[in-house]
Amino acid sequence: MINKKVAGVKEALADIKNDMTIMLGGFGLCGIPENSIAELVEKNITGLTCISNNAGVDNFGLGLLLQKRQIKKMISSYVGENAEFERQMLSGELEVELTPQGTLAEKCRAAQMGIPGFYTPAGYGTEVAEGKEVREFHGKPHILELAFEADFAIVKAWKGDEAGNLIFKGTARNFNACMAGAAKITVAEVEELVPAGQLDPNEIHVPGIFVKRIFQGKNYEKRIEQRTVRSKN
């Protein structure tokens, strides 16, 4: 069995260069690859096109890359709670391609499965459909969406083994699972890394064949984007 384990984040991302297209897993601040984002900030990689559901918040997640103007283009479905993302988009400093959330997920999955494109009714009649081929199915117009083409997919899992098999927990499964294997190189950072054979095969969400490199992350903050608690009364 091939061992995908690398020493750490620096080795895992050593060959990321300026102007690459990178997928980053997570949903809001849940399940984001914190160690990898921090390494991209430290490497001062610029001109990035980032594919992610959203862009974190101002001082965490992809917001850290936006602060340093390392992102040239965001492909996402939600501006979210990131005021800097909004400011750069409205000022024209940042190119933004807003994509319906289901379409975003399917463009990832299509890339993962080797499917070049698909038709969807989502976005027809809006700016999303501008310049795209339209076909009618069962009397309803659909637009052609192409699978993503990315250099790296960086995902974060709860557990993984040295063969690259991954298990996600809860909401972190959103986008992480469909991005694994959807780029030329997939890097997985995990909270717990175990030897191959120790994970229950029935619990594995992504098989190791989709993962090129895996490392154990550390010091996860796991911030909450919007914390809501019940009142004492």
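This passage describes the internal spaces of a predicted model and the charged side chains that pair, or fail to pair, within it.

A search of the whole structure returned one cavity of 30 Å³ or more, and the volume of the largest cavity is about 70 Å³. Its lining is made up of 13 residues, among which Gly28, Ile32, Ser52, Asn54 and Leu62 lie nearest the centre. In terms of residue class, seven of the lining residues are nonpolar and six are polar, while no charged residue takes part.

The largest pocket encloses about 310 Å³ of space, and of its 18 lining residues the closest to the centre are Leu29, Cys30, Gly31, Ala172 and Lys222. Strand β8 (residues 152-161) supplies the largest share of this lining, namely three residues. Charged residues are present here, the lining being divided into eight nonpolar, three polar and seven charged residues. The second largest pocket holds about 170 Å³, and its lining includes Glu97, Leu98, Thr99, Pro100, Lys107 and Glu127, together with Val128, Glu130, Lys132 and Glu145. By class, this second lining has six charged residues, three nonpolar residues and one polar residue.

Lys222, one of the residues closest to the centre of the largest pocket, is also contacted by Glu34, whose side chain reaches the backbone nitrogen of Lys222 at 3.0 Å. Glu34 itself belongs to helix α2 (residues 34-43) and is buried without a salt bridge, the nearest side chain of opposite charge being that of Lys156, 6.2 Å away.

Elsewhere, charged side chains do pair, and the count for the model comes to 15 salt bridges. One of them joins Arg213 to Asp15 with an N to O distance of 2.9 Å; this pair links distant parts of the chain, 198 residues apart, with Arg213 in strand β11 (residues 213-216) and Asp15 in the loop between α1 (9-12) and β1 (21-24). Arg213 counts as buried because its relative accessibility is 15%, whereas Asp15, at 27%, counts as partly exposed. A salt bridge is also formed by Lys73 and Glu95, whose closest N and O atoms are 3.6 Å apart, and this pair connects strand β3 (residues 71-76) with strand β4 (residues 95-98) across 22 residues. Here Lys73 counts as buried at 16% relative accessibility, while Glu95 counts as partly exposed at 44%.

Within helix α5 (residues 101-113), Arg109 and Glu106 are three residues apart and therefore separated by about one helical turn; their closest N and O atoms lie 2.7 Å apart in a salt bridge.

Note on methods. Residues are numbered from 1 along each chain as its sequence is written. This is a predicted model: local features need pLDDT of at least 70, side-chain atom pairs count only at pLDDT 80 or more; totals for chains, interfaces and linings use all residues. Side-chain values use heavy atoms; hydrogens and water are left out. On a 1 Å grid over the protein atoms alone, a cavity is a set of points where a 1.4 Å probe fits but cannot get out, and a pocket is an open set with protein on both sides within 12 Å along at least five of seven lines; lining residues have an atom within 4 Å of a point. Grid points are joined across faces, edges and corners, and a volume is the space filled by probe spheres set on the points. Ala, Val, Leu, Ile, Met, Phe, Trp, Tyr, Cys and Pro count as nonpolar, Asp, Glu, Lys and Arg as charged, and the others, Gly among them, as polar. Helices (H or I, at least four residues) and strands (E, at least two) are DSSP runs, numbered from the N terminus. Buried means under 20% relative accessible area, exposed over 50%, partly exposed in between (1.4 Å probe, protein chains only). Lys and Arg count as positive and Asp and Glu as negative; His and the chain ends are not counted. A salt bridge is a side-chain nitrogen of Lys or Arg within 4 Å of a carboxyl oxygen of Asp or Glu. A polar contact is a pair of N or O atoms within 3.5 Å; within protein, one must be able to donate a hydrogen and the other to accept it, and residues adjacent in sequence count only if both atoms are side-chain atoms.
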